[in-house]
2 protein chains.
Amino acid sequence: MHRTRVRVVEDALDANTTIAQANRADFDRAGVKVVNLMSAPGAGKTALLERVVDALDGVRVGVLEGDVQGSYDADRLASLHVPVTQINTDPGFGGECHLDANMVRSALGAVPLDDLDLLIVENVGNLVCPAEFRIGEDARVMVCAVTEGEDKPLKYPLMFRACELVVINKIDLLPHLDFDLEKFVHNLEAVHPGIDSILVSARTGEGIEQWREWLLRAAAREPATA
Amino acid sequence: MHRTRVRVVEDALDANTTIAQANRADFDRAGVKVVNLMSAPGAGKTALLERVVDALDGVRVGVLEGDVQGSYDADRLASLHVPVTQINTDPGFGGECHLDANMVRSALGAVPLDDLDLLIVENVGNLVCPAEFRIGEDARVMVCAVTEGEDKPLKYPLMFRACELVVINKIDLLPHLDFDLEKFVHNLEAVHPGIDSILVSARTGEGIEQWREWLLRAAAREPATA
């Protein structure tokens, strides 16, 4: 009789991690790099994508749009002639406030992975739960608008710790705000020492070249290990 | 033998509703009106409270502050000499992205209900889940900053439907934004016809008198039925 013993290890992978690894394997197989883009509602994720997705120098980019309802952001991006796939967390997932690995997996059949070099996943606008769910991505980026106040890294530390880049958006509004940029950077360093950040305005285009270059580097990176 | 038959009714109350009703009964007993204040992160809930909590004409007001971590907002409000109680959803509740009836109940022992006429509960900054959990409040108010874009009612309809008042904040920034106020109001009416709204700037004080008057009316209302 053939017997196989399965040991349940102490740090057993939870379901989300298991599915994230399956996503990861599919991305690697197709040679696609994946960026998980997160922020509070209205911080400017879609506007930042509109600025760059058709200007990535031969990098074939696709977008996976996560929203509770509707396809407003997907419709905005579709006009830029990149493949956009919509996930709604409302009907199938009970109005979830974040994407998880299984929701992403459920959409992968509709994403032309073999035709892409870079897939950008625009998460549901929320500063809490998206940080808790890996989806098999290579990198996590968060967008924080200066209109949100200097205290956000201190109040939502997990989100600011979970990412490899913070895009500080809406800097064109700085002259009209009481926002103290130095204090924000200080708070950001306190929760995530050494984190990269870029100052941008999706409205005026300031800093967008740096954002574009960061995405080009992300697309060119060696495959991550699961 | 005495037998009691308990019928399980079809629309059985879930645990949150049951606890919300217990909160409601405590509020009624103490004669306290309760407002649940919700918004995305950084929309200006705390700034709007700073503007009015010490100017409510003899209405004794207290604040229950909901945050994932820290007590930054509570510290800001404490200087205004109103009783402030902090709930952190992180250590006890696993970093929840919203308040629910049980979290509020767990804090009520620290809230001097008998010394209050109005309790304002500042929810965790999030446009999704707070709308799903009643806490026993009389009224729900949401704050939406014009910096968040006109599409927010369409993308987060449950939140905009769940409230009795929308406070449209940061209107001092309108000259510096592409925000189309008419379109926002149109979207708001589409998801919640007839909803009350107030245009304010917590920064300049514009519209704050209307916000103050709304809170005075909320404090004077007849007790709600559970």
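A nonpolar core is a set of buried Ala, Val, Leu, Ile, Met, Phe, Trp, Tyr and Cys residues joined through side-chain atoms within 4.5 Å, where buried means under 20% relative accessible area, exposed over 50% and partly exposed in between, with a 1.4 Å probe and protein chains only. Keep that in mind as we set off.

A word on the model before selecting anything. This is a predicted model, in which local features need pLDDT of at least 70 and side-chain atom pairs count only at pLDDT 80 or more, while totals for chains, interfaces and linings use all residues. Residues are numbered from 1 along each chain as its sequence is written, chains are lettered from A and ligands numbered from 1 in the order in which they are written, and side-chain values use heavy atoms, with hydrogens and water left out.

**Stop 1: the two chains**

Show chains A and B together. Chain B superposes on chain A by a rotation of 180° with 0.0 Å of shift along its axis, at an RMSD of 0.0 Å; the fit is by least squares on the C-alpha atoms of residues with pLDDT of at least 70 in both copies. That is the relation of a two-fold axis. To find the axis from chain B, pick N126(B), whose C-alpha comes closest to it of the residues of that chain, at 3.0 Å. Of the interface residues of chain B, 100% are also interface residues in chain A, so the copies meet through the same surface.

**Stop 2: the largest core**

Now select M142, F160 and V166 in both chains: of the 56 residues in the largest nonpolar core, M142(A), F160(A), V166(A), M142(B), F160(B) and V166(B) touch the most other members. Elements that each supply at least two residues of this core include β5 (139–145) and β6 (165–169) of chain A, and β5 (139–145) and β6 (165–169) of chain B. Strands (E, at least two residues) and helices (H or I, at least four) are DSSP runs, numbered from the N terminus.

Zoom in on M142(A). Leaving aside neighbours within four places in sequence, M142(A) is in contact (heavy atoms within 4.5 Å) with residues including M38(A), L127(A), F160(A) and V166(A). Apart from this core lies another, of 31 residues, among them L37(B), L77(B), I120(B) and L215(B).

**Stop 3: H192(A)**

Pick H192(A), in the loop between α8 and β7 (196–199) of chain A. H192(A) is buried, with a relative accessible area of 18%. Not counting residues up to four places away in sequence, H192(A) touches F160(A), R161(A) and C163(A).

**Stop 4: a helix pair in chain B**

Select residues 45–52 and 208–220 of chain B, which are helices α2 and α8; they pack at an angle of about 80°, with their axes 10 Å apart. The axes are lines fitted to C-alpha atoms over the stretch in contact, and angles run from 0 to 180 degrees between N-to-C directions. α2(B) is therefore roughly perpendicular to α8(B), a label for angles of 65 to 115 degrees. Show side chains: L48(B), L49(B), R51(B) and V52(B) in α2(B) meet I208(B), W211(B), R212(B) and L215(B) in α8(B).

**Stop 5: D57 in each chain**

Finish with D57(A), in the loop between α2 (45–52) and β2 (61–67) of chain A. D57(A) has a positive phi of about 50° although it is not a glycine, and counts as exposed at 57% relative accessibility. Then hop to D57(B), whose phi is also positive, near 50°; D57(B) counts as exposed at 59% relative accessibility.

Note on methods:
Parallel < 35°, antiparallel > 145°, perpendicular 65-115°, else oblique.
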